[in-house]
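Visitor: Hi, I've just opened this one and don't know my way around yet. Could you walk me through it?

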Amino acid sequence: MDSFSTYYVMLSYELMLEIDLCDLPEEQHCDYHWFTVDELLSSNQVHQHTKDYFR
């Protein structure tokens, strides 16, 4: 049996928010990155399955 050390859940949302981005929680995520769709699709930091949501 193969063993997996990481499990990913990818959810995509489009939101219109008026918040201070410095107020986002950091308990589980210490780094947020915001992309335009074009930036996301061309980024090497974004997994292919995530990009598929935006095509």
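Guide: Sure. Bear in mind that this is a predicted model. Let's start with Lys51: its side chain reaches the backbone oxygen of Ser43, at 2.8 Å.

Visitor: Okay, and where is Lys51 placed?

Guide: Lys51 sits in helix H2, which covers residues 48-53.

Visitor: Is Lys51 buried or exposed?

Guide: Lys51 is buried, yet it has no salt bridge.

Visitor: Which side chain of opposite charge is nearest to Lys51, then?

Guide: That's Asp52, and it is 8.6 Å away. A salt bridge needs a side-chain nitrogen of Lys or Arg within 4 Å of a carboxyl oxygen of Asp or Glu, so that pair doesn't make one.

Visitor: How many salt bridges turn up in the whole structure?

Guide: A search of the whole structure finds one. Arg55 forms a salt bridge with Asp52, and their closest N and O atoms are 3.9 Å apart.

Visitor: Is Arg55 buried or exposed?

Guide: Arg55 is exposed, at 63% relative accessible area. Its partner Asp52 is partly exposed, with 41%.

Visitor: And why does Arg55 get called exposed while Asp52 is just partly exposed?

Guide: Exposed means over 50% relative accessible area, and buried means under 20%, with partly exposed in between. Arg55 has 63%, so it counts as exposed, while Asp52 has 41%, so it falls in between.

Visitor: Got it. Back to helix H2: what about His49?

Guide: His49 lies in helix H2 as well. His49 is partly exposed, with a relative accessible area of 48%.

Visitor: How far apart are His49 and Tyr7?

Guide: In sequence, His49 and Tyr7 are 42 residues apart, and in space their C-alpha atoms are 13 Å apart.

Visitor: Changing topic: where is Asn44?

Guide: Asn44 is in the loop between helix H1 (37-42) and H2. Asn44 counts as exposed because its relative accessibility is 81%.

Visitor: And how far is Asn44 from Glu14?

Guide: There are 21 Å between the C-alpha atoms of Asn44 and Glu14, and along the chain the two are 30 residues apart.

Visitor: Last thing, pockets. How much space is in the largest pocket?

Guide: The largest pocket holds about 1,300 Å³ of space. It is lined by 27 residues.

Visitor: Which of those lie nearest its centre?

Guide: Leu11, His33, Trp34, Phe35 and Leu40.

Visitor: What's the lining made of?

Guide: In the lining of the largest pocket, 18 residues are nonpolar, seven are polar and two are charged.

Terms used: Residues are numbered from 1 along each chain as its sequence is written. This is a predicted model: local features need pLDDT of at least 70, side-chain atom pairs count only at pLDDT 80 or more; totals for chains, interfaces and linings use all residues. Side-chain values use heavy atoms; hydrogens and water are left out. On a 1 Å grid over the protein atoms alone, a cavity is a set of points where a 1.4 Å probe fits but cannot get out, and a pocket is an open set with protein on both sides within 12 Å along at least five of seven lines; lining residues have an atom within 4 Å of a point. Grid points are joined across faces, edges and corners, and a volume is the space filled by probe spheres set on the points. Ala, Val, Leu, Ile, Met, Phe, Trp, Tyr, Cys and Pro count as nonpolar, Asp, Glu, Lys and Arg as charged, and the others, Gly among them, as polar. Helices (H or I, at least four residues) and strands (E, at least two) are DSSP runs, numbered from the N terminus. Buried means under 20% relative accessible area, exposed over 50%, partly exposed in between (1.4 Å probe, protein chains only). Lys and Arg count as positive and Asp and Glu as negative; His and the chain ends are not counted. A polar contact is a pair of N or O atoms within 3.5 Å; within protein, one must be able to donate a hydrogen and the other to accept it, and residues adjacent in sequence count only if both atoms are side-chain atoms.
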